[in-house]
Amino acid sequence: MKKQSLKDLGGLVYSTDQGRMCPECRHPVEQCQCRTAARPVGDGVVRVSRETKGRKGKGVTLVTGIPLDDAPLKAFAKVLKARCGTGGTVKDGVVEIQGDQRDILVPLLQAEGWVVKKAGG
């Protein structure tokens, strides 16, 4: 179905003051909040596990349940990677650290005041 008018598009699309506007939340596109998916709230437990699936036998340590948004989570993951002396990444709210780093990460996470459990084998 073709959009016929500004009302069909959701109203204001461009402002000379702000630039492109999101038709849903009416904020500038850079500050749009309607497209950011809210991470589901877990049970308040940070879980540290080891996984090799899909990595050709190479193990990674997964840290799930950290109650931080995306930007602070990436910064915190950088601190964790530096403490472990390895690389890693953040994917969908899960911190992946290369190697088996569970013994190093659990005390670091407990120092932040979170309830931490080792999950898996």
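## A walk from the core outwards

Start in the middle: the largest nonpolar core has 17 residues, and those with the most contacts inside it are Val63, Ile66, Leu105 and Leu109. Select those four and keep them shown as sticks. Bear in mind as you look that this is a predicted model.

Next, colour the elements that feed this core. β3 (45-51), α2 (70-84), β6 (94-98) and α3 (102-111) each supply at least two of its residues. The biggest giver is α2, with five residues.

**Leucine 109**

Now click on leucine 109 and show what surrounds it. Which residues does leucine 109 touch, leaving aside its neighbours within four places in sequence? You should find Val46, Val48, Val63, Ile66, Phe76, Leu80, Trp114 and Val116.

**β3 and its two partners**

Go to β3 and bring up the strands that pair with it. With β7 (residues 115-118), β3 pairs in the parallel sense over four bridges. To see one of these, select valine 45: its bridge partner in β7 is valine 115.

Then turn to β4 (residues 60-64). Here β3 pairs in the antiparallel sense, over five bridges. Pick arginine 50 and you'll see it standing opposite threonine 61 in β4. While you have strands on screen, one thing to keep in mind: in a regular strand the side chains alternate between the two faces of the sheet.

**Two loop residues with positive phi**

Follow the chain between β3 and β4 and stop in the loop, where lysine 56 sits. Its phi is near 55°, a positive value in a residue other than glycine. Is lysine 56 buried or exposed? Turn on the surface: lysine 56 is exposed, with a relative accessible area of 84%.

For another stop of this kind, move to the loop between β5 (88-91) and β6, and select aspartate 92. Phi of aspartate 92 is near 55° too, again positive in a residue other than glycine. Aspartate 92 counts as exposed because its relative accessibility is 79%, and the cut-off for exposed is over 50%.

**Zoom out**

Finish with the whole chain in cartoon view. How many helices and strands does the protein chain have? There are three helices and seven strands, and from the N terminus on they run α-β-β-β-β-α-β-β-α-β. Colour by burial and you'll find that buried residues make up 28% of the 121 residues. Among contacts between residues at least 6 apart in sequence, 40% join residues at least 24 apart. Last, show the full surface: the protein chain exposes about 8,500 Å², with carbon and sulfur atoms supplying 51% of it.

Methods:
Residues are numbered from 1 along each chain as its sequence is written. This is a predicted model: local features need pLDDT of at least 70, side-chain atom pairs count only at pLDDT 80 or more; totals for chains, interfaces and linings use all residues. Side-chain values use heavy atoms; hydrogens and water are left out. A nonpolar core is a set of buried Ala, Val, Leu, Ile, Met, Phe, Trp, Tyr and Cys residues joined through side-chain atoms within 4.5 Å. Buried means under 20% relative accessible area, exposed over 50%, partly exposed in between (1.4 Å probe, protein chains only). Contact means heavy atoms within 4.5 Å. Two strands pair if DSSP finds at least two bridges between them. Accessible areas come from the Shrake-Rupley method with a 1.4 Å probe; for residues, only the protein chains shown count as cover.
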